[in-house]
Amino acid sequence: MSKVDTAWLRMDSPSNLMMIVGVWLLRPGIGLADLRDRVRERLLPYRRFTQIARQDMAGAAWIDDPHFRIDHHVVARPLERRRGQSARAALQARVGELALQRLDPDRPLWQFELVEQHDGGSALIARIHHCIGDGIALISVMMSLVDGGNAPVRRKSRARKAGIEAAEDWLADSLIRPLGDITARALEVAGGSAARSLALMASPQQGLNESIDQAAHVARLGGQLVSDLADLALMPDDSPTRLKGQPGTAKKVAWCEPIPLDRVKAIGKALNCSVNDVLLSCVAGAIGAYLREFGDDTRGQEIRAMVPINLRPMSEAWQLGNRFGLVPLVLPIGIENPIERVFEVRRRMNALKGSLQPILTFGLLSLAGLLVKPAQDALLALFGRKTTAVMTNVPGPGEKLRFCGATLEQTMFWVPQTGTVGLGVSILSYGGGVQFSVIADTGLCPEPQRIIDRFDPEFNRLLTLTLMLPWGEA
């Protein structure tokens with residue numbers, strides 16, 4: 001197991017389990033037998049899903065489960081509903097329970113729970129431990145499950161080698177090549193100047209001008225690395241809102257109905273902002289409005305969210321594992337004017353472009369996997385003190401998919417929170433709509449649905465004001 005994946009394996013705590021949790025809403029309903037057949041055909045060829053994560057003093061390794069049974073991992077359970085409780089509320093309660101229910105460490109670290117009868121269809125709850133793969137990798141895997149999905153990529157078999165030659169192969173395959181791929185991807189994300197610097201370092205010098213050009217670019221890259229490292233190390237603690245504190249051992253999830261993606265794009269075009277700017281601005285507005293409902297003064301306040309940044313080509317997502325870094329995004333929750341707020345979010349997002357913080361945080365996670373667990377916990381506590389939320393924005397298929405003959409009507413997922421972080425925010429575009437979902441510690445945020453309920457009004461306020469702006473002056 002890679003050192004980064006080992007770090008995620010050991011990151012579980014009573015308050016936060018490192019599981020990616022997802023829900024699929026399907027109509028009409030599907031049966032358990034069909035689900036097991038599909039999982040057996042499409043998921044189990046990914047060997048990681050039939051392997052156990054074993055830890056020892058040297059780290060962790062994947063070993064085949066000699067007693068693997070699909071009925072341990074694909075189960076059906078009717079949804080319990082209290083009198084007067086809606087189907088959605090009952091499903092949300094069950095997902096909250098499962099988010100803090102540990103997966104059996106003596107079996108492969110994943111489970112699907114099917115609610116065969118739910119609101120005129122079925123609901124599928126998926127839990128997969130983060131050590132198996134990051135969000136991009138797992139979305140690729142889940143997309144292979146849908147009707148017409150791509151079959152799992154078959155690895156080329158290679159004869160085992162012994163001695164020094166095998167050790168050299170392990171070093172190249174497990175350390176040098178992945179780090180090189182990640183570095184190249186990170187520099188590509190960061191921007192042209194950083195990638196150009198790396199290319200100049202690797203190319204032969206042709207003359208004095210090229211030497212000067214190379215030195216200048218390398219100096220800029222070095223300066224960027226030093227600056228970004230200082231920014232990470234010297235981040236101030238986050239604003240002390242009611243969403244910040246020591247989480248307990250209970251969680252709730254919530255989600256809204258999808259917002260039409262074409263409306264989001266129209267706002268972005270009118271204001272010269274990205275779709276991401278528009279959505280993150282609405283998230284900041286919803287959180288700020290939630291806090292003001294409790295009488296909190298949010299003027300001048302900001303909260304920091306850690307945002308995952310993919311560091312691998314999508315063509316390699318099937319390889320599983322974790323290859324992503326993090327960047328801290330400060331959300332201006334104290335700005336009530338939607339137009340002013342979206343421009344401020346745009347400014348901050350533009351400032352992050354060119355940052356090398358994703359590769360630095362990936363390196364930090366790799367280092368954490370080399371340490372003993374107490375040292376790893378102490379190292380990663382940095383993020384908990386300085387962060388209120390983990391937030392991710394993932395683009396999904398533009399058309400609705402089908403699964404075992406049913407239509408996948410709605411899909412949600414929640415990323416795990418680490419350390420003392422008690423809030424997770426997920427944005428997913430799918431089937432022409434944008435899905436906003438929240439998971440929260442109930443001691444810090446007893447009713448995350450109240451945050452969700454502010455998202456649509458904030459979006460509509462931004463839409464209305466955008467339509468009222470004079471043409472050509474936005």
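A polar contact here is a pair of N or O atoms within 3.5 Å. By that yardstick, His73 makes one: the side chain of His73 reaches the backbone oxygen of Trp110 at 2.8 Å. Keep in mind that this is a predicted model. Here's a quick tour, starting from that histidine.

**His73 and its surroundings**
- You'll find His73 in the loop between β3 (59–64) and β4 (74–76).
- His73 counts as buried because its relative accessible area is 2%, and the cut-off for buried is under 20%.
- Setting aside neighbours within four places in sequence, His73 is in contact with Phe68, Arg107, Pro108, Trp110, Gln111 and Phe112.

**The nonpolar cores**
- Trp110 and Phe112 turn up again in the largest nonpolar core, which has 71 residues; they are among the members that touch the most other members, along with Val39, Phe49, Leu91, Ile132 and Trp414.
- Strand β1 (residues 19–27) supplies the largest share of this core, with 7 residues.
- Take Val39 as an example: not counting residues up to four places away in sequence, Val39 touches Leu44, Ile70, Val74, Trp110, Phe112 and Leu145.
- Another core, of 46 residues, lies apart from the one Val39 belongs to, and its members include Ala284, Val425, Val434 and Phe455.

**Leu367**
- Over in helix α11 (residues 357–370) sits Leu367.
- Leu367 is partly exposed, with a relative accessible area of 40%.
- Leu367 and Lys3 are 364 residues apart along the chain, yet their C-alpha atoms are separated by 7.5 Å.

Note on methods:
Residues numbered from 1 in each chain as written. Predicted model: local features only at pLDDT ≥ 70, side-chain atom pairs only at ≥ 80, totals over all residues. Heavy atoms only, no water. Helix = DSSP H or I, 4+ residues; strand = E, 2+ residues; numbered from the N terminus. Buried < 20%, exposed > 50% of the residue type's maximum accessible area, 1.4 Å probe, protein only. Polar contact = N/O pair within 3.5 Å; in protein donor to acceptor, adjacent residues only side chain to side chain. Contact = heavy atoms within 4.5 Å. Core = buried A, V, L, I, M, F, W, Y, C linked by side-chain atoms within 4.5 Å.
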